[in-house]
Amino acid sequence: MSTTKIAATLYQLQQLDLELERVHAEQQALDNSLQGDSVLKKLRTENAIAQQQLQLGLQGQKEAEWALEELDRRLRMQEQRLYSGAVTNAKELYALQQEVQHLRAQQSRQEEMALEVILTTESLQEAANKKAEALKQAQEKWSETNASSMARRDQLAEKRQELMANHEQFVSGIDPQVLSRYDALKRTKQGRAVSKVDQNSCQWCRVILTASELQRVRTSTDLQMCSNCGRILYYDR
Ligand SMILES: [Zn+2]
């Protein structure tokens, strides 16, 4: 590949890189604006808290119900023993009666507690439903308002993929050494490693090239750099 052709290829690569940067910058700006407004953020937080509280409530309800079941089971068992006639010893019988009485009292307390927990969970459920609905409505409204931005975002994502594929193919055709030189320059030269020669000047820094410099840009077998800004010079006429 001739030097002018290499410089031309690098210039094209630079155009592609710049286009990718533009797309990326627009994507970021869009993403930022599509983050949603403060109202939506507030609703999201409130909804998350309400759902969390509901989960805790449901867990508490389950535990209260388990405890009640366990008491029921023990009570049934002791009642069975009491009424089966198997215990005849007066002392033992008395102790058993006491225990059954105690378990009944415990059961009724636990029933009250479970009922309270259920009522609390119900109101938590109601609150969580309201928060979820409010968030859903706000999101729908927000989507309507931002439909065009969202469409643009999809468009940009597609464009970026296309450019990336192009870029990959393009880069595969360039000598790795030349490419790494280009990349290194790009990093230190504000993303512009190549500058066109325009009216005998470096288009980037406007320094005028001497006749011999111009000659070298056109004919040398090495890439020529601008003596002022250090960019690879590309001559296209
Ligand atoms: Zn220059």
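At what angle do the axes of helix 1 and helix 4 cross? In this predicted model, the crossing comes out at roughly 155 degrees, with the two axes coming within 10 Å. Helix 1 covers residues 3–33, and helix 4 covers residues 147–172. Angles over 145 degrees count as roughly antiparallel, so helix 1 and helix 4 are roughly antiparallel to each other. As for handedness, the crossing of helix 1 and helix 4 is left-handed. The contact between helix 1 and helix 4 draws on a mix of residue classes, with 11 nonpolar, 7 polar and 8 charged residues.

Next comes the sheet. It is an open sheet of 3 strands, laid out in the order 2-1-3, and its pairing is mixed. Strand 2 (201–202) and strand 3 (232–234) are the edge strands, each of them pairing on one side only. What does the mixed pairing look like, strand by strand? Strand 1, made up of residues 194–198, pairs with strand 2 in the antiparallel sense, over 2 bridges. With strand 3, strand 1 pairs in the parallel sense, over 3 bridges.

A couple of residues help to place these pairings on the structure. On the strand 2 side, V197 has C202 as its bridge partner. On the strand 3 side, S195 stands opposite L233. The turn is worth a look too: the hairpin of strand 1 and strand 2 has 2 residues between the strands, and in this hairpin Q199 takes a positive phi near 50 degrees.

How does helix 1 sit relative to the strands? Helix 1 lies across strand 1 and strand 3, and its direction makes an angle of about 100 degrees with strand 3. Helix 1 thus has a place in both parts of the picture: it crosses helix 4 at roughly 155 degrees, and it lies across two strands of the sheet, strand 1 and strand 3.

Finally, one residue in another helix can be picked out. Q107 lies in helix 3, which takes in residues 90–145. Is Q107 buried or exposed? Buried means under 20% relative accessible area, and Q107 has 17%, so Q107 is buried. Which residues does Q107 touch, once its neighbours within four places in sequence are left aside? Q107 is in contact with L68, L71, D72 and L75.

Notes
Residues are numbered from 1 along each chain as its sequence is written. This is a predicted model: local features need pLDDT of at least 70, side-chain atom pairs count only at pLDDT 80 or more; totals for chains, interfaces and linings use all residues. Side-chain values use heavy atoms; hydrogens and water are left out. Axes are lines fitted to C-alpha atoms, for helices over the stretch in contact, and angles run from 0 to 180 degrees between N-to-C directions. Helices (H or I, at least four residues) and strands (E, at least two) are DSSP runs, numbered from the N terminus. Angles under 35 degrees count as roughly parallel, over 145 as roughly antiparallel, 65 to 115 as roughly perpendicular and the rest as oblique. A crossing is left-handed if the near helix is turned anticlockwise from the far one by less than a right angle, and right-handed if clockwise. Ala, Val, Leu, Ile, Met, Phe, Trp, Tyr, Cys and Pro count as nonpolar, Asp, Glu, Lys and Arg as charged, and the others, Gly among them, as polar. Two strands pair if DSSP finds at least two bridges between them. Contact means heavy atoms within 4.5 Å. Buried means under 20% relative accessible area, exposed over 50%, partly exposed in between (1.4 Å probe, protein chains only).
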